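The exercises below ask the reader to locate selected residues and spaces in a structure and to reason from them. Each task is followed by a worked solution.

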Amino acid sequence: MELLVLVAIGAASGVTTVLFGFGGGFVTVPVLVWANAELGPAAMRSAVATSAVVMVAGAALATAATRREVLSGLRGERRLVVLLGVGGVLGGVAARLAPAMLAQWCFVAYLGVTLVDTLVRPGFLRPAGTGSEPAAIRAAYGVPLGAVAAFLGVGGSVLTVPLLRRGGYPMEWATALANPLTLAIAAPAALSLLGSVDGAAAAALLAGAAPVIVTLRRRGPMIPDAVHAKAYIALLATVTVAMVAAVLR
């Protein structure tokens, strides 16, 4: 029964991967912490490792199914991608060494700061029209973004989507571009965390996520930009509450 629940959660993470650019980490980490509560603090380490594997597969599928026109937004950003990968390795190693409880509370803090930032700082709900071409993320952000994302098992999309949004991208493009950036972070991080992966959980999550990702990338719904941004924040708030409940359980 637990595996069937994880398949359903995987399907939900497939939806969020396509529509919001995140899913593997921000949906599955709280769920896996709940499911493996008997492991105590070690549940977070297993959740981060399993999440990284799920994100690699999900982000790869989503990227492969994304229109070339959209992916052109990252053309010439090879340095950013490489530095994200370097950060991913550093964060993955740190996740293995750090106390699990520290990672749990850092995860909650990360969610809370990002949620407040999207609501308070201009540029996310109502992006300013700059009159110029949208701007990608500065390469200098690559290592810290990758390290934080891999340490928490989240892929980095909750930072990359707001940054891309403030760079002038509509939500459809910002969330789509988050997938290849997540892949750059999660792939090296997953290699450093393989020993902690819950294989059965990862397989169940991917069984639910893969068909949903492929279907939605081909026939995704048309969502007004303002509604898309508000839905992103609402989902972020929901995951924050779920993670706080999991940590305090």
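**Exercise 1.** Determine whether Thr114 is buried or exposed, and describe its surroundings.

*Solution.* The model is a predicted one. Thr114 has a relative accessible area of 5%. Buried means under 20%, so Thr114 counts as buried. The next step is to place the residue: Thr114 belongs to helix α6. Setting aside residues up to four places away in sequence, Thr114 touches Val158, Leu159 and Leu236. One of these, Leu159, stands 45 residues from Thr114 along the chain, yet the two C-alpha atoms are separated by 7.3 Å.

**Exercise 2.** Establish how far helix α8 is enclosed by the rest of the structure.

*Solution.* Helix α8 covers residues 157-166. Its buried residues are Ser157, Val158, Thr160, Val161, Pro162, Leu164 and Arg165. Because 7 of its 10 residues are buried, the helix is largely enclosed by the rest of the structure. Just after α8 comes Gly168, whose phi is positive, at about 110 degrees.

**Exercise 3.** Identify the residues with the most contacts inside the largest nonpolar core, and the helix that gives the most to this core.

*Solution.* The largest nonpolar core holds 68 residues, and Met44, Tyr232 and Met243 have the most contacts inside it. Helix α9, residues 171-193, gives the most to this core, with 12 residues. A general tendency is relevant here: in soluble globular proteins, nonpolar side chains tend to be buried together. Now take Tyr232 and leave aside its neighbours within four places in sequence. Tyr232 is then in contact with Phe20, Phe22, Phe124, Ser157, Val158, Val161, Pro162 and Met171. Among these partners, Ser157, Val158, Val161 and Pro162 are buried residues of α8.

**Exercise 4.** Describe the position of Thr50 and the polar atom that its side chain approaches.

*Solution.* Thr50 is found in helix α3, which spans residues 42-64. Its relative accessibility is 0%, and therefore it counts as buried. A polar atom of the Thr50 side chain lies 2.9 Å from the backbone nitrogen of Asp198. Beyond four places in sequence, the residues that Thr50 touches are Leu32, Ser196, Val197, Asp198, Ala201, Ala202 and Leu205.

**Exercise 5.** Characterise the lining of the largest pocket.

*Solution.* The largest pocket contains about 420 Å³ of space. Its lining consists of 22 residues, and those nearest the centre are Arg67, Glu172, Arg217, Gly220 and Pro221. Two or more lining residues come from each of α1 (2-20), α9, α10 (199-218) and α11 (225-248). The largest share, 5 residues, is that of α9. By type, the lining divides into 12 nonpolar, 4 polar and 6 charged residues.

**Exercise 6.** State how many cavities of 30 Å³ or more the structure has, and describe the lining of the second largest cavity.

*Solution.* A search of the whole structure gives 3 cavities of 30 Å³ or more. The second largest cavity has about 50 Å³ of space. It is lined by Met44, Arg45, Val48, Ala95, Ala98, Pro99, Ala100, Ala103 and Phe151. Helices α3 and α6 (100-120) are the elements that give two or more residues to this lining, and α3 provides the largest share, 3 residues. The lining divides into 8 nonpolar, no polar and 1 charged residue. Met44, named in Exercise 3 for its contacts inside the largest nonpolar core, also lines this cavity.

Conventions. Residues are numbered from 1 along each chain as its sequence is written. This is a predicted model: local features need pLDDT of at least 70, side-chain atom pairs count only at pLDDT 80 or more; totals for chains, interfaces and linings use all residues. Side-chain values use heavy atoms; hydrogens and water are left out. Helices (H or I, at least four residues) and strands (E, at least two) are DSSP runs, numbered from the N terminus. Buried means under 20% relative accessible area, exposed over 50%, partly exposed in between (1.4 Å probe, protein chains only). A polar contact is a pair of N or O atoms within 3.5 Å; within protein, one must be able to donate a hydrogen and the other to accept it, and residues adjacent in sequence count only if both atoms are side-chain atoms. Contact means heavy atoms within 4.5 Å. A nonpolar core is a set of buried Ala, Val, Leu, Ile, Met, Phe, Trp, Tyr and Cys residues joined through side-chain atoms within 4.5 Å. On a 1 Å grid over the protein atoms alone, a cavity is a set of points where a 1.4 Å probe fits but cannot get out, and a pocket is an open set with protein on both sides within 12 Å along at least five of seven lines; lining residues have an atom within 4 Å of a point. Grid points are joined across faces, edges and corners, and a volume is the space filled by probe spheres set on the points. Ala, Val, Leu, Ile, Met, Phe, Trp, Tyr, Cys and Pro count as nonpolar, Asp, Glu, Lys and Arg as charged, and the others, Gly among them, as polar.
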